[in-house]
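Take a moment to look over the fold before reading on. We'll walk through it piece by piece.

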Amino acid sequence: MGKLWLLLNGVVVLIIGVISFQSFFEQEETEELQEEVMVMSQDPLTIELTLEKQYIDGHIETENVQETIASMQDFWSEYQEWQVMEQRDGFIRFRKEVDDISPYLKANGYFGIKDGQLTIFEGVPVHEAAVQSFYQIDTEELESHLYEELQEGIKINSKKDYLEVLETFRSYQDVEAVNS
């Protein structure tokens, strides 16, 4: 019975020793990690950002910036409304959908007609470049004053103008041209 008791005590001491040894090394690793985090948190991180704003007219404005990050929490909260499109070491590309027409379209955009299609032009439709076409319009059904407005060009000043013109001319959409 004495040998069994001695053996049992030896096993208990061995188990306590192993546990103590493990906790000593875990504590040492934790302290090393804390020191590493503190060193990393003291050095600001500089990254390249590409910020893309996509407007309802399809236009995408791109801005490239370099940002120094002191706090990752602050950085991510600053860009919480943006979607990460690409991320790699030292670079992030964000995109944000903007519920408006682009400043470019507000400054240069005109609705007009080209080859029977409702089209946005860069500048007045007479000799300017077409930017985007929408749908075929049945010009025979179109009221003459609306046809003249399209030929002269309808200036796009706001999202409201943009949506109203699309809606107005949608009722003159040539369904046969779409189906053929």
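What follows is a short tour, from the overall layout to individual rings.

This is a predicted model, in which local features need pLDDT of at least 70 and side-chain atom pairs count only at pLDDT 80 or more, while totals for chains, interfaces and linings use all residues. Residues are numbered from 1 along each chain as its sequence is written, and side-chain values use heavy atoms, with hydrogens and water left out.

Let's start with the overall layout. The chain has six helices and eight strands; these are DSSP runs, numbered from the N terminus, with H or I over at least four residues for a helix and E over at least two for a strand. If you trace the sequence from start to end, the pattern reads α-β-β-α-β-β-α-β-β-β-α-β-α-α. The chain has 180 residues, and 23% of them count as buried, where buried means under 20% relative accessible area, exposed means over 50%, and partly exposed is in between (1.4 Å probe, protein chains only). Contact here means heavy atoms within 4.5 Å. Among contacts in the chain with a separation of 6 or more, 50% are between residues 24 or more positions apart.

Now for the sheets. One is an open sheet of four strands in the order β2-β1-β4-β3, with mixed pairing; two strands pair if DSSP finds at least two bridges between them. The edges belong to β2 (60-69) and β3 (83-88), and each has a single partner strand, so one side of each is left without a neighbour in the sheet. On average, and ignoring direction, neighbouring strands of this sheet are turned by 20° against each other. Axes for such angles are lines fitted to C-alpha atoms, for helices over the stretch in contact, and angles run from 0 to 180 degrees between N-to-C directions. Further in, β1 (residues 45-55) and β4 (residues 91-98) run parallel and are joined by eight bridges. Along that pairing, leucine 49 stands opposite isoleucine 92 in β4.

There is also an open sheet of four strands with the order β7-β6-β5-β8 and antiparallel pairing. Here β7 (129-136) and β8 (154-155) are the edge strands, each pairing on one side only. Strands β5 (residues 109-114) and β6 (residues 117-122) pair in the antiparallel sense over six bridges, and glycine 112 stands opposite threonine 119 in β6. Two helices pack on this sheet. Helix α4 (residues 144-152) touches β5, β6 and β8, and its direction makes about 115° with that of β5. Helix α5 (residues 159-170) touches β5, β6, β7 and β8, with its direction at about 45° to that of β7. Back in the hairpin of β5 and β6, two residues sit between the strands, and aspartate 115 takes a positive phi near 55°. On the other side of β6, five bridges join β6 to β7, and the two run antiparallel; glutamine 117 stands opposite glutamine 136 in β7.

What fills the inside? A nonpolar core is a set of buried Ala, Val, Leu, Ile, Met, Phe, Trp, Tyr and Cys residues joined through side-chain atoms within 4.5 Å. The largest has 18 residues, and those with the most contacts inside it are Phe111, Leu118, Ile137, Leu150, Tyr162 and Phe169. Two or more residues come from each of β5, β6, α4 and α5, and α5 gives the most, with four residues. Apart from this core lies another, of nine residues, among them Ile69, Phe75, Tyr79 and Trp82.

Finally, look at the rings. Rings of Phe, Tyr and Trp (its six-membered ring) pair if their centres lie within 6.5 Å; planes under 30 degrees apart count as stacked, over 60 as edge-to-face and the rest as tilted. By that rule there are ten aromatic pairs. Tryptophan 76 and phenylalanine 94 make an edge-to-face pair, 6.1 Å centre to centre with 75° between the planes. Tryptophan 76 lies in helix α2 (residues 72-78) and phenylalanine 94 in strand β4, so the pair ties together parts that are 18 residues apart in sequence. Tryptophan 76 is partly exposed, at a relative accessible area of 32%, whereas phenylalanine 94 is buried, at 0%. The rings of phenylalanine 111 and tyrosine 162 have their centres 5.9 Å apart and their planes at 35°, so this pair is tilted.
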